[in-house]
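Here's a quick tour of the pockets and the packing in this protein. Have the structure open as you read.

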Amino acid sequence: MTASQSRPASTDHREPPLSASLKLSFDYTRSVGPVLSQFFTALRDRRIVGARGSDGRVHVPPAEFDPVTYERLTEIVPVSSVGTVASWTWQSEPLEGQPLDRPFAWALIKLDGADTALLHAVDVAGPDAISTGARVRVHWVDEPVGAITDIAYFTLGDEPEAVPDTDPHDERDPVTMLVTPSTIEIQHSASHPESAYLRALQEGRLLGARTGDDGKVYFPAREADPATGKVLDQFVELSDKGTVTTFAIINIPFAGQRIKPPYVAAYVLLDGADIPFLHLVTEIDAAEVRMGMRVEAVWRPREEWGLGIDNISHFRPSGEPDADYETYKHHL
């Protein structure tokens, strides 16, 4: 797919840089501790509890430590699912992941029996329908699981919402762990070298860069030499063959894993490059992968190529003799 040896490559500097939306997401998992465990377990039963401090105030959500004495709080007390709006603001354009997909109010709500305010959404027809001092009540989700989202939102009202009786034979364990999905979306604009590197991949080429004719070749192409800070002003097209420098055998499964363990993640030093990059090595038993093993890229079908290194499905043994350690010892 690419040149058998590195050679200078030209790119069109007039092309605009590439830009794309980048969405990062992961599930944040934490243990909730003895106090919040009681709070979330109560939510699962469509109840709300707080913690009483040394000064008599009831904190909702419950605090783990007394804000006055800094001692642990242990007295858990029930509070009402009805409360009073202490302050509010209007969300005219809801965002993805918020409690409602239509305009609503964010409000600080002091539940009856509580002395601190809880932040949550209030479902009202418009900003004229809510005010400080308004009485609101919890609207519960149909199937609570033990999370703050068990409170779907608040609605106007002075009486608690009717809920099913708690099952006296409920033998579920208390809520001790909480999984919170986290997502951020940004618009990433690639630099000129990054854009050149990505466009080359779309054409089935591997593009590195160096400073002058004798500088170190970095792959992927980047803005500057990390050792000298000098601009990498010359692009170099590289071979799709290389040498395994170091590697790891992945034996432990994890969330989102696409490949069944065991498999090998290896640093591959492409011929002509001065820094290895990480990719998969397959078509060989994981136990047989070794430092110095010569490998070649296996490209996906051309119709599947895009702007990414995953155009290369994986690397496999090339059948060549292993590289001598002296040829790659400075690139580990």
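Which residues lie nearest the centre of the second largest pocket?

## The second largest pocket

They are Arg258, Ile259, Leu280, Arg300 and Asp310, out of a lining of 15 residues. Keep in mind that you're looking at a predicted model. The volume of this second largest pocket comes out at about 410 Å³.

As for where the lining comes from, β16 (277–281) and β18 (312–317) each chip in at least two residues. The largest share belongs to β16, with four residues. Sort the lining of the second largest pocket by residue type and you get eight nonpolar, four polar and three charged.

## The largest pocket

The largest pocket has a volume of about 600 Å³. Its lining runs to 24 residues, and to find its centre, look for Gly97, Ile148, Thr149, Thr180 and Pro181, which lie nearest to that point. Elements giving two or more residues to this lining are α1 (33–44), β8 (118–122), β10 (151–156) and β11 (177–189).

Of these, β11 gives the most, with six residues. The lining of the largest pocket splits into 15 nonpolar residues, seven polar and two charged.

## Two nonpolar cores

Now for the packing. The largest nonpolar core holds 36 residues, and Leu206, Leu238, Leu270, Val281 and Phe315 have the most contacts inside it. Two or more residues come from each of α2, β12, β13, β15 (263–270), β16, β17 and β18. The largest share, five residues, is from β15. Another core, of 31 residues, lies apart from this one, and its members include Phe40, Ala42, Val122 and Ile151.

You've met β16 and β18 already: both supply at least two residues to the lining of the second largest pocket, and both also give two or more to the largest core.

## Helix α2 and what it packs against

Helix α2 covers residues 192–202, and its buried residues are Pro193, Ser195, Ala196, Tyr197, Arg199, Ala200 and Leu201. An α-helix has 3.6 residues a turn, so residues three or four places apart point the same way. That's handy to have in mind when you look down the helix.

What do the buried residues of α2 pack against? Their partners are three strands: β12 (206–210), β13 (234–238) and β17 (294–299). Those strands, like α2, each give two or more residues to the largest nonpolar core. Just after α2, Gly204 takes a positive phi of about 80 degrees.

Key
Residues are numbered from 1 along each chain as its sequence is written. This is a predicted model: local features need pLDDT of at least 70, side-chain atom pairs count only at pLDDT 80 or more; totals for chains, interfaces and linings use all residues. Side-chain values use heavy atoms; hydrogens and water are left out. Buried means under 20% relative accessible area, exposed over 50%, partly exposed in between (1.4 Å probe, protein chains only). Contact means heavy atoms within 4.5 Å. On a 1 Å grid over the protein atoms alone, a cavity is a set of points where a 1.4 Å probe fits but cannot get out, and a pocket is an open set with protein on both sides within 12 Å along at least five of seven lines; lining residues have an atom within 4 Å of a point. Grid points are joined across faces, edges and corners, and a volume is the space filled by probe spheres set on the points. Ala, Val, Leu, Ile, Met, Phe, Trp, Tyr, Cys and Pro count as nonpolar, Asp, Glu, Lys and Arg as charged, and the others, Gly among them, as polar. A nonpolar core is a set of buried Ala, Val, Leu, Ile, Met, Phe, Trp, Tyr and Cys residues joined through side-chain atoms within 4.5 Å.
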